[in-house]
Amino acid sequence: MTAEVVALREHSSEDVVYRTGPGTSEALREALRGLCGKTAEKRYACGRGDPAALSWRVEPCGEGEFDVRVDTSFFVGADWIVPGYLAVCVVPKLDRVGSAGERRADTLRMLRDALADPDPDPERFSELAGLFEIHFDRPAVPLRDEAEDLGLFLAALYLACLAKIVKKGLKKHFYPVDEAFCRKIKGRILFPATLARRSSPRLADRIECRHQEFGVDTAENQALKRALRILSTSFLRMEGRGAAKDLAAETLRILRYFETVSDVSVRAVEAARLSKKTNPVYREYVTALKLAEKIIRGESFGSQREVAEKTVPAHWIDMSKLFELYVLAKLRKKFRGEGRIHYQYCVRRQYPDFLCALGEKADGTKFPPYFVADAKYKPRYAEGNVNQVDDDRQLAGYARLKGVLDHFETRGRSREDRLQMLPCVLIYPDQSESEELSSERLREIDGWEEYYKIGLRLPER
């Protein structure tokens, strides 16, 4: 039996997304009967206390029939309600159908724009691995259009981490090497291997030794190169279409830095073990190895799939976090300069999205010289300020924290201005606006002093 897939929009509460009928299989009907009256959920393990990515409830609707009600959150992806029989595919809420055809939010380009941040924080790479989650332990979801998109999303994230690693230089340390020497010893003698050579007269003078060498041919770099090889093979199958062409060229460029690293068949479990080792100088290795593990698991996962059917592993992408990183890149592009935009500044366990210290205003801009900004992935703000008071209070509360005021004072805000109201700016997605932040579109929110909002268009395809 072919599994049924229900398409939903993120952050929506549907009345009924699925109802059993004459064509419903007995196995699915029996599974829903067991879930009847219970609320179940899929929680995003890498989340930050956010609501569940997906929750649902099965209710009876007549004799032997059932309704499935589903609530979605700020996550897009695909997962199972009844494994093997009923799945859901959650698409971005900004997807729309118009006279020009279907327009879909381009999450891959959002990610690539976010990774193109001209002034990236090294700490931010530790958050990239938690941007999305893949479940290879669950059955594959039959979605023909999503498989390639997920692979490109993972590849873009992985290549961005490797680009930072190779710019700094591959990590070097001592690693063991087994080598046979003629009539000399280096390191420790491997007696079993040496004695095995004695059976051949031509090899009787060879001594098998294990010694230490210092270089880049380490287990960590071998795992990273293995994932790169898998990506290069995947891009060949895509025949260089669209974004795959650029990512394929980037893969070949980075592979040149791994020429002296051995090609070894690394297992996913080994990459996972290596990712638990930390090094304060090479912090990007932890994120890169976690992503390499997903790529290696994806290769074995893909080899088990039938060629005739395109499927995708169960996965979730945190759109709220992706929007934050996208806005951060836009702010740093608009206001270039070291330390002008500070992301996720921690004050008393509070984390304002952006502290913006621009100093003297640039000619023609309406942005305040110092302000607190927050990215809210809520398109409804384009229609007005209804149901916005909780977010307004949260952002206004950030502007009253002493630690935030201290930060701006170290960035040039005068001591006399400390008692003045600190401006706040709320940034939200709006497909009727431009993809660049423009002060001409900065609008003051009615009923609040020194409080503004601005829409930002997300890329579409």
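**Exercise 1. Find out whether R348 is buried or exposed, and describe its backbone.**

Solution. Start with accessibility: R348 has a relative accessibility of 73%, so it counts as exposed, given that the cut-off for exposed is over 50%. Next, locate the residue: R348 lies in the loop between β15 and β16. Last, look at the backbone: the phi of R348 is positive, about 50 degrees, although the residue is not a glycine. Please keep in mind as you work that this is a predicted model.

**Exercise 2. Do the same for Q344: is it buried or exposed?**

Solution. Begin with the place: Q344 is found in the loop between β15 (341-343) and β16 (354-357). Then take the backbone, where phi of Q344 is near 55 degrees, a positive value in a residue other than glycine. Now for the accessibility: buried means under 20%. Q344 has 19%, so it counts as buried.

**Exercise 3. Decide how far the coordinates can be trusted, using the pLDDT of the chain.**

Solution. First take the chain as a whole: its mean pLDDT is 83, and 89% of the residues reach 70 or more. Then turn to the weak stretch: over residues 303-308 the pLDDT is below 50, and beyond near neighbours in sequence this stretch has 4 contacts in the model. Finally, apply the general rule: where pLDDT is low, the predicted coordinates should not be read in detail.

**Exercise 4. Work out which strands pair with β5, and why β5 is largely enclosed.**

Solution. Step one is the pairing with β4 (residues 54-60), which is antiparallel and runs over 7 bridges. As an example, L54 has T72 in β5 as its bridge partner. Step two is the connection: β4 and β5 form a hairpin with 5 residues between them, and G62 in the turn has a positive phi of about 105 degrees. Step three is the pairing with β2 (residues 18-19), antiparallel over 2 bridges; here R19 has D67 in β5 as its bridge partner. Step four is burial: 5 of the 7 residues of β5 (residues 66-72) are buried, so the strand is largely enclosed by the rest of the structure.

**Exercise 5. Lay out the sheet that contains β11, β12 and β13.**

Solution. Write down the order, β11-β13-β12; this is an open sheet of 3 strands with antiparallel pairing. Then mark the edges: β11 (173-182) and β12 (188-189) each pair on one side only. Now count bridges between β11 and β13 (residues 206-215): there are 10. To check the register, note that H173 stands opposite G215 in β13.

**Exercise 6. Describe the largest nonpolar core, then name a second one.**

Solution. The largest core has 89 residues, and F132, Y158, L224, L331, F354 and I427 touch the most other members. Helix α4 (residues 146-168) gives the largest share, 14 residues. Zoom in on L331: apart from neighbours within four places in sequence, L331 is in contact with I341, F354, C356, I427 and L437. A second, separate core of 20 residues includes L8, Y18, F75 and V82.

**Exercise 7. Summarise the whole chain in numbers.**

Solution. Count the elements: 12 helices and 20 strands. Add burial: 49% of the 461 residues are buried. For the contacts, take those with a separation of 6 or more; residues 24 or more positions apart account for 70% of them. Close with the surface: about 23100 Å² is exposed, and carbon and sulfur atoms supply 49% of it.

Technical notes:
Residues are numbered from 1 along each chain as its sequence is written. This is a predicted model: local features need pLDDT of at least 70, side-chain atom pairs count only at pLDDT 80 or more; totals for chains, interfaces and linings use all residues. Side-chain values use heavy atoms; hydrogens and water are left out. pLDDT is the predictor's confidence in each residue, from 0 to 100. Contact means heavy atoms within 4.5 Å. A nonpolar core is a set of buried Ala, Val, Leu, Ile, Met, Phe, Trp, Tyr and Cys residues joined through side-chain atoms within 4.5 Å. Buried means under 20% relative accessible area, exposed over 50%, partly exposed in between (1.4 Å probe, protein chains only). Helices (H or I, at least four residues) and strands (E, at least two) are DSSP runs, numbered from the N terminus. Accessible areas come from the Shrake-Rupley method with a 1.4 Å probe; for residues, only the protein chains shown count as cover. Two strands pair if DSSP finds at least two bridges between them.
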